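Let's take a walk through this one, starting inside and working outwards. Have your viewer open and follow along.

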Amino acid sequence: MNPYSTPVPSRPWWKTTPAALGMLALVALLSAFSLALGFLVMVAAMVLVWVLPPWRWFARLGSMFGALVLLTIGAGLGGRLDDGGASKADAKPHTATGPRADVAASPAAAEPVVAADFTGGQLDKAETQARSTGYATKHHDASDEARSIFTRAGWTVCFQKSDEAAKTIDFAAVKTDEPCPDRDGGPLPWPTMPDVVSDTYNVAVKDLKQSGIDLGRVTLDDVYLDIDTPSAESAAEDGDEWRVCFQSPDRGSRITSTTPVILDLGKWTKSDTVHHCPTTKDATYKSPAGDPDHGRGHAASGDNSPPPGRSTSDSGESSSSSGGGNHTTVHPGAYCSPHGATGFTDRGTRMVCGPGSDGRNRWHS
């Protein structure tokens, strides 16, 4: 038998070159509908091109690269088909009850978030809450003093200027214990001290409130050495019996956050014989019996009663009732008035009223 005339046996169709090329084309087709299925077919095609067709090695490598390219093209076509389908679906009209109809029908969905009102609140908390809603914040002194703000927790928001489009808020604040000005950059409206001298405590409290002064900052004091300082509660209970003898500061003074407000009170009831304020505070006794020198000829400290065995003349001086002439009996070192007055001790030593070491008039020899 002639080997050259012997016919070449035919290969099965699945081992032929057209079958391998069809397998590669199937990769692109299937990957257009399912990427996972296309990937599996690509793996199978790569195995087949190395086993079935009688290709050389470089042809087989090229076919593998082609399979990857076909997989990518098929996946891309599949994505474009999905996008096109979605676009067509979006182009269709929706019913009024559909979810997309709700979004389109709501104009508020496209509007910017309106900034909340933070006036009256603490500056640091206001900035934190504003930033949580997407706003950028800044701050400045609301008064005309242009002070720098270092500790925001100690400042209160008076005004705010917001820009919804740019999402920014500018806070104008003052210190927590300060009043807000009438306008941003205006002066602080500090209250002024009214004139409450000679008023009862009830009337004085009313005037202070009307002037905008916080009663919690008011300090009470007494004017007599023998009367204790009342508390605000006890003074309010007997508000018509307590009267203001002295005040600090004077009428018309500005009351800032650091200005002390002091009311010096005296108390008189219907049974008291004295119903007026002394000329100075903490220097006299309301009741002569409260003077520790009472009964020893003390002619000062508010004790105007004559010592035992003496009577009071029209001039206010005490005179002896038992010989020795008329003269004033005094006690060395006690307060006295007027300046230059003279008197005598129980032993007959002559005393003169003049300034002592503390600057007040006292009896001395």
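Before we begin, one definition: two residues are in contact when they have heavy atoms within 4.5 Å of each other. Keep in mind, too, that what you're looking at is a predicted model.

With that in hand, pick out Leu-265. Leaving aside residues up to four places away in sequence, Leu-265 touches Tyr-201, a run of neighbours made up of Leu-220, Asp-221, Asp-222 and Val-223, then Pro-230 and Ala-235, and finally Trp-242, Arg-243 and Val-244.

Now zoom out a little to the largest nonpolar core, which has 21 residues. Leu-265 is one of the members that touch the most other members, along with Met-193, Tyr-201, Leu-220 and Leu-263. Which elements give two or more residues to this core? They are the helix α6 (201-210) and the strands β4 (218-222), β5 (242-248) and β6 (261-267). Of these, α6 gives the most, with four residues. Apart from this core lies another one, of 12 residues, including Ala-115, Phe-118, Ala-126 and Trp-155.

Next, hop over to Asp-117, in the loop between α4 (99-105) and α5 (123-132). Is Asp-117 buried or exposed? It counts as exposed, because its relative accessible area is 59% and the cut-off for that label is over 50%. The side chain of Asp-117 makes a polar contact of 2.9 Å with the side chain of Thr-119. For a partner further along the chain, look at Ser-162: it sits 45 residues away from Asp-117 in sequence, with 9.7 Å between the two C-alpha atoms.

On to the surface and helix α2 (residues 35-51), where you'll find Leu-40. Leu-40 is nonpolar, yet it is exposed, with a relative accessible area of 57%. It belongs to a nonpolar surface patch together with Phe-39, Val-43 and Val-47, and the four have about 370 Å² of accessible area together.

Finally, step back and take in the whole protein chain. It has seven helices and 11 strands, and 30% of its 365 residues count as buried. Its accessible surface comes to about 22,300 Å², with carbon and sulfur atoms holding 57% of that. As for contacts between residues at least 6 apart in sequence, 51% join residues at least 24 apart.

Key
Residues are numbered from 1 along each chain as its sequence is written. This is a predicted model: local features need pLDDT of at least 70, side-chain atom pairs count only at pLDDT 80 or more; totals for chains, interfaces and linings use all residues. Side-chain values use heavy atoms; hydrogens and water are left out. Patches are made of residues with over 30% relative accessible area and no salt bridge: like charges are joined within 9 Å, nonpolar side chains (Val, Leu, Ile, Met, Phe, Trp, Tyr) within 5 Å. Accessible areas come from the Shrake-Rupley method with a 1.4 Å probe; for residues, only the protein chains shown count as cover. A salt bridge is a side-chain nitrogen of Lys or Arg within 4 Å of a carboxyl oxygen of Asp or Glu. Buried means under 20% relative accessible area, exposed over 50%, partly exposed in between (1.4 Å probe, protein chains only). A nonpolar core is a set of buried Ala, Val, Leu, Ile, Met, Phe, Trp, Tyr and Cys residues joined through side-chain atoms within 4.5 Å. A polar contact is a pair of N or O atoms within 3.5 Å; within protein, one must be able to donate a hydrogen and the other to accept it, and residues adjacent in sequence count only if both atoms are side-chain atoms.
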